[in-house]
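Got the model open in your viewer? Keep the selection box handy and we'll go stop by stop.

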Amino acid sequence: MAGAAEDTRALFRAGVCAALEAWPALQIAVENGFGGVHSQEKAKWLGGAVEDYFMRNADLELDEVEDFLGELLTNEFDTVVEDGSLPQVSQQLQTMFHHFQRGDGAALREMASRITQRKCKVTATALKTAKETDEDEDDVDSVEEMEVTATNDGAATDGVCSQPEPSDPDAQTIKEEDIVEDGWTIVRRKK
């Protein structure tokens, strides 16, 4: 019986690593060195820390997992996740842990495989606006926009990697003329 428990724990560990490696917010943080020079090592450590957290706390609620992951990303990668992916990753991890508790190795294998197949490679690149190209490029206070592109590393059926939808479809976009010279942004009321 100890061998079966060891096998399901290894499958749970692999599932945790797959979920974290497929998480776009973490990919961007690691790729851009938000965790410092040791970002890659921190990302690997994160998998073990999440696994240990679940092993020490058998009856976790979803919001506790979200808080833990958010705190880890804030503390280790100086990153605040606001793209809606934190609850999704937390739910995946919690579901895998329930499979682990039941000893359901087949479900763990299938879940890790599905996550790996849907994994996207996310890159963030800085864009220059037309206003910035006309100004002095040495200006430290300039505002940068980021372009995020996703490519599918797995064998997805439609060849498209879905990104989380914004939580508020009526959210206003900041126009370039709303950013004044001293770095403040003018907020306008909806009409």
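Here is a short walk along one helix and over to a partner.

A word on the ground rules: this is a predicted model, where local features need pLDDT of at least 70, side-chain atom pairs count only at pLDDT 80 or more, and totals for chains, interfaces and linings use all residues. Residues are numbered from 1 along each chain as its sequence is written, and side-chain values use heavy atoms, with hydrogens and water left out.

Start by selecting residues 39-56, which is helix 3 (helices are DSSP runs of H or I, at least four residues, numbered from the N terminus). Its end C-alpha atoms sit 25 Å apart, in agreement with the 26 Å that 18 residues should span at 1.5 Å a residue (1.5 Å times one less than the number of residues).

Next, colour the buried positions of helix 3: Ser39, Leu46, Gly47, Ala49, Val50, Glu51, Tyr53 and Phe54 (buried means under 20% relative accessible area, with a 1.4 Å probe and protein chains only).

Zoom in on Glu51, which has a relative accessible area of 4%. Beyond its neighbours within four places in sequence, Glu51 touches Arg9, Phe12 and Arg13 (contact means heavy atoms within 4.5 Å).

Now add residues 85-102, helix 5. The axes of helix 3 and helix 5 come within 11 Å and cross at roughly 55° (axes are lines fitted to C-alpha atoms over the stretch in contact, with angles from 0 to 180 degrees between N-to-C directions).

Finally, show the side chains at this crossing: Val50, Phe54 and Met55 from helix 3, with Leu93, Gln94, Phe97 and Phe100 from helix 5.

Definitions and conventions
Helix = DSSP H or I, 4+ residues; strand = E, 2+ residues; numbered from the N terminus. Buried < 20%, exposed > 50% of the residue type's maximum accessible area, 1.4 Å probe, protein only.
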